[in-house]
Amino acid sequence: MNPFQKNESKDTLFLPVSTEEVPPQSSNFPKKLSPKICGSNYPLSIVFIVVNEFCERFSYYGMKAVLTVYFLYYLHWSEDTSTSVYHAFSSLCYFTPILGAVIADSWLGKFKVLSMVGLSLIALGTGGIKPCVAAFGGDQFEEKHAEERTRYFSVFYLSINAGSLISTFVTPMLRGDVQCFGKDCYALAFGVPGLLMLIALVVFAMGSKLYRKSPPEGNILNQVVKCIWFAISSRFKNHSGDNPKREHWLDWAAEKYPKQLIMDVKALTRVLFLYIPLPMFWALLDQQGSRWTLQATRMNGNLGFFVLQPDQIQVLSPSLIVIFIPLFDLVIYRLVSKCGINFTSLRKMAVGMILACLGFAVAAAVEIKINEMATCQPNSQEIFLQVLNLADDEIKVTVQGDENNTLLAESIKSFQNMPHYSKLHLKTKSQNFHFQLKYHNVSVYTEHSVEEKMWYTLIIREDGESISSMMVKDEENKTTDRMTAMRFVNTLHEEVNVSLGTDASLIVDEDYGVSAYRTVQRREYPVVHFRTKNEDFSLNLGLLDFGAAYLFVITNRTSQGPQAWKMEYIPANKMSVAWQLPQYALVTAGEVMFSVTGLEFSYSQAPSSMKSVLQAAWLLTIAFGNIIVIIVAQFSGLAQWAEFIFFSCLMLVVCLIFSIMGYYYVPLKPEDVQGSANKQTPQIQGNMINLETKKTRL
């Protein structure tokens, strides 16, 4: 489209011709007025936008809530890999808004992208929706209702977290409390959010006739990039002192681009420069779904009145946001204002960063306490050994090394619950241990080979009038200590089939056969079915608690029939998940001050032609924040508590940098940008100069 309209008047001497397409000047917003809500200044159209955002965020956060647990327990990835893939997905979701913003501002407009692209294609949906929906809601307000528009962003963010609150609570229940094919029902956990996306599409389309739809204004992002590049090139080409200095480096683009575009790009670049430190905040905030969820797997989720799954703890964040947003808007901000403090947007964001910094310091303290209460792991040239006496009387056990030095000597009663493993030191990576077992008046000598960094159980059993032993490697302990684990020893003379309520059965061989480990949900198991060749029976296994490992010995030593003797040899997680509440409260308060304020700030500081572009740039900072987490998780090699401290310190440094940048930033009002552009004459466009028109006889 040629930016110049042909003037047929004979009063014009020159008809300038442009060889360069430029975006049209910002036109007046469509005059369509939406009906108001109950006589207020809030357009009725935002109801559909807010409900749409609720459903869309339900879908997004519902899926993300179970993602880390899905990677860890279903796909059996490591914690670092699960964390990296989780944040890689989050990063991709916040990179695609750049594509959505270009399409929205340049081609289809916000309304069509939001309905046609964003909600139709789930894979690219976030890219289509995120840069448009917040700005599209802001477009529904007239400029004279700026205060209501500011409140709208709080309501908008409230709807996001209301959807997140319900989804992060419900989807883990769909995963863990419903069984699909004998396992956790991930199909249902992912399917319900998909259904909510369909509902979001329907709700959004219902309000179509009420929306104020700003038309797309050309390939604005392309023009921005070209304008910046031309200004930089011109500046370096004309670096000699012969050319007069210009007030701003972007003024070097005046020979080719209109002043309005240059003024808009100036406003855009000033805000983008301010965005540089922001990814660090998102690097901390988004770890609620990865590192903090993994931390919750090592804690006890029993709250007395309710048992929280590890991935359900994320419900704290949206729950607190629903409380904090009205608390901050209606109470805290007003009190601060009455105290005479000018609490600007940038100051709110800086305080939000400090709160996130404190939240991670608390998370580090919780992690240290968890490690203190957790079962230690054997180091190099060490093993952990426990002795299980299944004979009918007390046995004295003596363990000797290669040089006949005594490493362990203790008396163990029949079916005695061992309180802990014993740590034994090796001289090499593998070593033979000699065992002396005294039973009644009989001494039995045996030898077993062990390897460093392993867990072992020495099972002693009756063998006629004597006893014998077998060494069982418990290496699975290292990977099952974050779930409830169990294994069985079968003292019966026939094979036992154990049904734990799933399609897959656990088979235990006869005559002291030892089963593999099986991980199960934390709950009471009052009736567990056992089946042998000749009979079926049920046993009460009791409560299997978080993080514990249990050994069940199936015996038939009484007239009451088969029994299951229970031993907890790895203790349950003792630290309550409620201790995560302070860190969630701090980071969530920081999110309310940082994210809600940042949304409104991004909209208010964006030129009218670049609302979606700046929203996409805001979301891009989230993408880079997730990349920071991936880099640290893959390459730092830090212990988890040290990693939390590292992020906390980084956040503090970035907050100081952001505060200095914000101190020198002068917020611009949209009318200031427009007014400055209107005063510029003459204009230079394309390859011709648009001269002031004068009446001239031909």
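Which residue forms a salt bridge with Arg298? In this predicted model, the partner of Arg298 is Glu79, and the closest N and O atoms of the two are 3.6 Å apart. The contact links distant parts of the chain: Glu79 belongs to helix α3 (residues 79-95), while Arg298 sits in the loop between α12 (291-296) and α13 (316-338), 219 residues apart. Arg298 is buried because its relative accessible area is 13%, and the limit for that class is under 20%.

The structure holds 8 salt bridges. Another of them pairs Asp474 with Arg487, with an N to O distance of 2.5 Å. Asp474 is in the loop between β10 (466-473) and α15 (477-480) and Arg487 is in strand β11, so this salt bridge ties together parts that are 13 residues apart in sequence. Both Asp474 and Arg487 are buried. Elsewhere, Glu79, Arg298 and Glu367 are joined into one network by salt bridges that share partners.

A further salt bridge is formed by Arg246 and Glu255, where the closest N and O atoms are 2.5 Å apart. Arg246 has a relative accessible area of 31% and is therefore partly exposed. Glu255 is also partly exposed, with a relative accessible area of 38%.

The next topic is charge at the surface. Glu495, Asp509, Glu510 and Asp511 form a negative surface patch. Within this patch, Glu495 is placed in the loop between β11 (484-490) and β12 (496-499). Its relative accessible area is 42%, so Glu495 counts as partly exposed. Residues of a patch need over 30% relative accessible area and no salt bridge, and the value of 42% for Glu495 satisfies the area condition.

The last element to consider is helix α18, which covers residues 640-663. How far apart are the end C-alpha atoms of α18? They are 35 Å apart, and this agrees with the 34 Å that its 24 residues should span at 1.5 Å a residue. The expected span is taken as 1.5 Å times one less than the number of residues, which is why the end-to-end count starts from one fewer than the helix contains.

Which residues of α18 are buried? Among them are Gln640, Phe644, Phe647, Met651, Val654, Phe658 and Met661. The buried set also includes Ala642, Glu643, Ser648, Cys655 and Gly662. An α-helix has 3.6 residues a turn, so residues three or four places apart point the same way.

Methods:
Residues numbered from 1 in each chain as written. Predicted model: local features only at pLDDT ≥ 70, side-chain atom pairs only at ≥ 80, totals over all residues. Heavy atoms only, no water. Patch = residues over 30% accessible without salt bridge, like charges linked within 9 Å, V, L, I, M, F, W, Y side chains within 5 Å. Areas by Shrake-Rupley, 256 points an atom, 1.4 Å probe, with all protein chains shown as cover. Salt bridge = Lys/Arg side-chain N within 4 Å of Asp/Glu carboxyl O. Lys, Arg positive; Asp, Glu negative; His and termini not counted. Charge placed at Lys NZ, Arg CZ, Asp CG, Glu CD. Helix = DSSP H or I, 4+ residues; strand = E, 2+ residues; numbered from the N terminus. Buried < 20%, exposed > 50% of the residue type's maximum accessible area, 1.4 Å probe, protein only.
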